[in-house]
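Here are my notes for you, written as a walk through the structure. Keep the 3D view open and find each residue as we get to it.

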Amino acid sequence: MSLLTMIIKMSEGLSRTCAIFFLTLIFSLPLGMVVTLLRRSKNKIISSITRAVISVIRGTPLMLQLLAITYGPYYLVGLTVSRNKLVPVVVAFSINYAAYFAEIYRGGIDSISKGQYEAADVLGYTKTQTFLRIILPQVIKRVLPSITNEVVTLVKDTSLAFTVSYQEMFTIGKEIANSQTSFTPFLVAGVFYFVFNALVDFVMGKIEKKLNYYH
Amino acid sequence: MSKKILQMKNIIKSYSDTEVLKDISLSVEEGEVVSIIGPSGSGKSTLLRCATFLEKINGGLIQYLDTVAAHTNEEGKVVYVNRNQLTHVKSYFGLVFQQFNLFPHFSVLKNLTHAPILVQKRDSKEVEQEARELLKKTGLEDKADAYPCQLSGGQQQRVAIARALNLNPDILFFDEPTSALDPELTGEVLKIIKELADEKMTMVIVTHEMSFARAVSKRVIFMDGGFIVEEGDPEQVFGDPSQERTKQFLKNYNQV
Ligand SMILES: Nc1ncnc2c1ncn2[C@@H]1O[C@H](COP(=O)(O)OP(=O)(O)OP(=O)(O)O)[C@@H](O)[C@H]1O
Ligand SMILES: [Mg+2]
């Protein structure tokens, strides 16, 4: 198989790689905030359950979570594994990344001084207004570098979808590598990820710059 | 008799087991400037924080104009008015913090206009116009579009004062407004407060600036150990204190 055919075949999987990437971000970024709010809940039961869940998710491999969510329903209740694996893959990725984002958000929220809440309180802001208008915008700016790190990791993590044979770019590359006994598809994959992440860095850098109007 | 803006009666405040305010009563009339002095830990900040509802009292009564915002019921429990009413009562006062606490992500102008538009639902054009006038008054008209991080401490504190004023409060509290500033910057902030006093703005000022307190206030309160030890005319309290503890405090102070 020529290099060009390999590239074309693997490119066909890129749209699925992108689907995992963007869908995961769309779900996990807000879900992480919800998890943070539960984690910070004044209700001790809610906050400790949330904390335990976060620690399990962060303490076990994403690959295991992918397998569990894709095949777990079959082994547990006999549900047939759907042919389109995008749904379980995105669910697993979203839950996993939400746990990481939640911890990042929590650090960001904790870093905002009490004085910001007090000033808003005296000025008459409600709790919700204070959070949305005063705290959240500052948190976003502060956590952006850590978010960028996670997003870069996510690009590379999409390759884990091969464990459930979801036909994204890396899975296709791996199959070609096996059938052709060639290492070239892995090199091609490496270049793809590198370029993808260069784009991520560029975009995140732009956003960070945009928020640099204050410090 | 002029009307009372704030009445605090028999205020008790404790943190876990330690009582920080022990039966404090304070009332402030319209146009009055009251300074609160006292050693560190005497409860000055706590008193302001109770008055502005940042802390809940454990006993006593807080009334703004005709609204009793908190009182102690027959069972000895402190009852606050409901959230809506509390938001309304909060519009009677403003608080200027030692650390300014400006919103860093808002421009100077937005720091002034955001709350009146969002909280008081006032017309944005009108609010902005008033904000610009306040900035002019505080000597910051050319800083409207700057961000807090671009300003000196003195300028930031002037913005904080303007921000509080833009909500048209009936009374303004200051908690050591110049303590976080370099000595050469305190003057510009004190000058603004002095001007407000001349305009008969009702104010309660916690301060360590004794000569300023003496010059600007109509009444001085000396607090120690959670009590009001002495209060009166500034000339009397500073010139001829009647309590031994006041004398001691002022003497130590003058040595520093
Ligand atoms: N959140 C809190 N928890 C426990 N104790 C507190 C708290 N805030 C204040 N205190 C205690 O209450 C007492 C009064 O504190 P407060 O800050 O009101 O003093 P202050 O007169 O403002 O002193 P300073 O001049 O240093 O600002 C101090 O003994 C302080 O340790
Ligand atoms: Mg204090």
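The points below start with the model as a whole and then move to single residues.

1. **What you're looking at.** This is a predicted model, and it scores ipTM 0.94 and pTM 0.92. Chain B has an average pLDDT of 95, with 99% of its residues scoring at least 70. Keep one general habit for any model like this: where pLDDT is low, don't read the predicted coordinates in detail.

2. **Chain A in outline.** Trace chain A and you'll pass eight helices and zero strands. Its C-alpha atoms fit in a box of roughly 70 × 45 × 25 Å along the principal axes. Of its 215 residues, 46% count as buried. Now take the contacts in chain A between residues at least 6 apart in sequence: 76% of them join residues at least 24 apart.

3. **The surface of chain A.** About 11,600 Å² of chain A is exposed, and carbon and sulfur atoms supply 67% of that. Which residues form a nonpolar patch on the surface? They are A:Leu31, A:Val34, A:Leu38, A:Ile46, A:Val87, A:Val91 and A:Ile95, with about 520 Å² of accessible area together. Helix H1 (3–39) and helix H4 (86–110) of chain A are the elements that give two or more residues to this patch. Have a look at A:Val87, which sits in helix H4 of chain A. Its relative accessibility is 54%, so A:Val87 counts as exposed.

4. **A salt bridge across the sequence.** There are 19 salt bridges over all chains. One of them pairs A:Arg40 with A:Asp110, with 2.5 Å between the closest N and O atoms. Why is this pair worth finding? A:Arg40 lies in the loop between H1 and helix H2 (44–59) of chain A, while A:Asp110 belongs to helix H4 of chain A, so the bridge ties together parts that are 70 residues apart in sequence. A:Arg40 is partly exposed at 37% relative accessibility, and A:Asp110 is partly exposed too, at 47%.

5. **A bridge inside one helix.** A:Glu118 and A:Lys114 also form a salt bridge, with their closest N and O atoms 3.8 Å apart. Here about one helical turn separates the partners, because they are four residues apart in helix H5 (residues 114–123) of chain A. Buried or exposed: what is A:Glu118? With a relative accessible area of 11%, A:Glu118 is buried. A:Lys114, on the other hand, is exposed at 58%.

6. **A bridge in chain B, and a network.** In chain B, the side chains of B:Lys13 and B:Glu55 meet in a salt bridge (3.8 Å, N to O). B:Lys13 is in strand E1 (residues 4–15) and B:Glu55 is in the loop between helix H1 (44–51) and strand E4 (59–64) of chain B, so this pair links parts 42 residues apart in sequence. Both B:Lys13 and B:Glu55 are buried. Through shared partners, salt bridges join A:Lys114, A:Glu118, B:Lys13, B:Arg49 and B:Glu55 into one network.

7. **Cysteines and disulfides.** If you go hunting for disulfides, you'll find zero over all chains. As for cysteines, B:Cys50 is buried, at 0% relative accessibility, whereas B:Cys149 is partly exposed, at 29%.

8. **One last residue.** Finish at B:Gln156, in helix H5 (residues 153–165) of chain B. At 17% relative accessibility, B:Gln156 counts as buried. Leaving out residues up to four places away in sequence, B:Gln156 touches B:Phe100, B:Leu102, B:Pro148 and B:Leu151.

Definitions and conventions: Residues are numbered from 1 along each chain as its sequence is written. Chains are lettered from A and ligands numbered from 1 in the order in which they are written. This is a predicted model: local features need pLDDT of at least 70, side-chain atom pairs count only at pLDDT 80 or more; totals for chains, interfaces and linings use all residues. Side-chain values use heavy atoms; hydrogens and water are left out. Patches are made of residues with over 30% relative accessible area and no salt bridge: like charges are joined within 9 Å, nonpolar side chains (Val, Leu, Ile, Met, Phe, Trp, Tyr) within 5 Å. Accessible areas come from the Shrake-Rupley method with a 1.4 Å probe; for residues, only the protein chains shown count as cover. A salt bridge is a side-chain nitrogen of Lys or Arg within 4 Å of a carboxyl oxygen of Asp or Glu. Buried means under 20% relative accessible area, exposed over 50%, partly exposed in between (1.4 Å probe, protein chains only). A disulfide is a pair of cysteine sulfur atoms within 2.5 Å. pLDDT is the predictor's confidence in each residue, from 0 to 100. Contact means heavy atoms within 4.5 Å.
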